[in-house]
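The following paragraphs lead through a structure with the sequence and coordinates at hand. It may help to keep the chains in separate colours while reading.

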Amino acid sequence: MTARPDTTSPNIGAGPAMIRLDHVSTHYPGQRRPAVADLTLEVDTGEIVVLLGPSGCGKTTTLRLINRMIEPSSGRIFLNGEDVTKANPDQLRRRIGYVIQQVGLFPHMTIADNIGLIPRTLGWDNKRIQARVDELLDLVGLEPATYRRRHPKQLSGGQQQRVGVARALAADPPVMLMDEPFGAVDPITRERLQDELLNLQDKIRKTIVLVTHDLAEALKLGDRIALLAEGATLAQYDTPERILTEPADAFVAEFIGSGAAVRRLHLHTVGSLVLDPVHAVRAGSHTTHDRSEGSVRRVLIDDTGTVLRWLRPTDDPTRGRAANDIAVVRTDQTMYEALDAILRAHDDTAAVLDKHGNLIGALSWSALVRERLAPDNAPRTPTRATPSGHPR
Amino acid sequence: MSLPTYLAQRWPQIGVLIIQHAEVVLIAVGIATVIGVGLGVVLQEYPRAGRIVVNITGTMLTIPSLALFGLLIPLLGLGLAPTITALVVYAIFPILRNTLTGLESVPAAVTDAALGMGLTSGARLRLIRMPLAWPVVLTGIRIATIMSVAIAAIAAAVSGPGLGQLIFDGLARIGGANALNEALTGTCAVAFLALGLDLLFVVLARLTTSRGVR
């Protein structure tokens, strides 16, 4: 599980808006209420914005407004500063990658032909297409030599979705729209695909708008989350952290539910906390009881540096080894994982290692609570998120 | 004259009739394919109109072929014209119906993806929808062909070309010299021709369908 950086994330928001919906509304024929009513939303270059909300709130409709698979009845749509409300929709869509839950690979074409279709319609020559196909297969973690000539039905669901992402990236569009891309795969594959998307995004830095109804997925993937209520009204447009700590109204508070405090543990790594100091004691060594260390905890380690157990002040490190019942976490693990390790060890403190495996401190239950569980989760009334959604 | 001697003597004429018969059928099915597939592609956008047209063409199938051939005489006279016309009328229905069914059976996710990635409507039809509907469309053409082989035999009633001539001639002179041989040869040749064309379609389907959808 990859934790998102803290709320004061750099870069994101620095660039100009890549996508801007300006007072956009749309109606479905035969329905009196608009599916999307006067929505204004900006997505900055290079960020992942998650459209989150209950089913029927219009999040997919909002997504499909961006590439005009649904036409707005009023309002304007801007892509990279250019008004595309009246642009040729087919040409517009070739500048926007599109990934859907059911993938929709073309079953009669090979994987290479699926990925190369848009480059081909754009008139690339064969050599360039083939190079691009191989590059993209590599990028999404599929061996080109193995998969190039296969047909979609020969691939698993997870592999098909990887090809779906590769196909969307084929013509190197600056924007990707993803409609519940990981909704149809099993939970383990979903988790892996999410991690892969984040890794991929580190490399390609696309502007991504992703629809989901899964709060955990939104918190994990989103640089910002647009939480939509019925009629695609923007209930709150904010970072995951602030959605959890400062829900704009009762609707948001209800949507994130009672688990918000625990969920926030997913957002931070152990390394972001101030750790208690520890004193490592090598097994078998005779330590003089240095009184100046006061109440500093002592950890017994073996010759290779492996953490064995805590030492009580009266314990003698020369005596035999105890069972391995100490919680150990690395700084790049989330606080959620740290809490899990502490609870499983029936303890109140975890030993913390840096990424090289060196002991650097201790994380206590009380520090966890003090730091992250304390602030209350009450709605921030009466201020609402600004509709244009630029919280920072 | 025994059947084998008859066949040995008349083989050239019989061969010509078989070729004529196949020609008439393939020309008619070719025309019906253009009309049926074209109509299907257009009507796919308008499901209600599509249902109405399918019903109308379906009803035409219930017209007895002998009657239809007869009805066409005042309009088109005798010979090739009424034969082809009647066959086209019958062949349109299976082709049109299967074109509609085939296009409808293309998964919504596939057409959605094709639209979302920016393929024009022509490219979507040519590159995605038609290739995926093709096995079903081809089955329609195959059914139309087999059906037409049988119906074309009746075309001899309006002096149409083909194996019907043997059958009608034989039946008219039953009891006469070679009458039974003629009727029997004509009937069997029609059956064998149908079988042969059917086989041709199996091969054609195999060759023109992607490995990914077999």
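This is a predicted model, and a convenient place to begin is chain B, where 40% of the 214 residues count as buried. Chain B is built from eight helices and has zero strands, so that its elements, because only helical and extended runs are counted as elements, read α-α-α-α-α-α-α-α from the N terminus on. Taken along the principal axes, the C-alpha atoms of chain B fill a box of roughly 70 × 40 × 20 Å. When the contacts in chain B with a separation of 6 or more are considered, 75% of them are accounted for by residues that stand 24 or more positions apart.

From there the view can move to the place where the chains meet, at which 18 residues of chain B are in contact with 20 residues of chain A. On the side of chain B that touches chain A, the elements giving two or more residues are helix H5, spanning 108-116, and helix H6, spanning 121-154; of the elements of chain B, H5(B) gives the most, with six residues. By residue class, this side of chain B divides into eleven nonpolar, five polar and two charged residues.

The next topic is the nonpolar interior. The largest nonpolar core has 132 residues, and those with the most contacts inside it come from both chains, namely Val50(A), Val209(A) and Ala226(A) together with Leu87(B) and Ala91(B). If the neighbours within four places in sequence are left aside, Val209(A) is in contact with Ile19(A), Val43(A), Val49(A), Leu51(A), Leu63(A), Ile66(A) and Leu177(A). Another core lies apart from this one and has 19 residues, among them Val307(A), Val329(A), Ala351(A) and Val352(A).

Some strand pairing in chain A completes the tour. Strand S1 of chain A, residues 17-26, runs antiparallel to strand S4 of chain A, residues 74-79, and five bridges join the two; within this pairing, Asp22(A) stands opposite Arg76(A) in S4(A). Strand S4(A) is in turn joined by two bridges to strand S5 of chain A, residues 82-83, again in an antiparallel arrangement, and here Leu79(A) stands opposite Glu82(A) in S5(A). The hairpin formed by S4(A) and S5(A) has two residues between the strands, and in this hairpin Asn80(A) takes a positive phi near 55°.

How values were computed. Residues numbered from 1 in each chain as written. Chains lettered and ligands numbered in written order. Predicted model: local features only at pLDDT ≥ 70, side-chain atom pairs only at ≥ 80, totals over all residues. Helix = DSSP H or I, 4+ residues; strand = E, 2+ residues; numbered from the N terminus. Buried ≥ 20, exposed ≤ 12 C-beta atoms within 10 Å, placed from the backbone. Contact = placed C-beta atoms within 7 Å. Nonpolar A, V, L, I, M, F, W, Y, C, P; charged D, E, K, R; others polar. Core = buried A, V, L, I, M, F, W, Y, C linked by C-beta atoms within 7 Å. Pairing = 2+ DSSP bridges.
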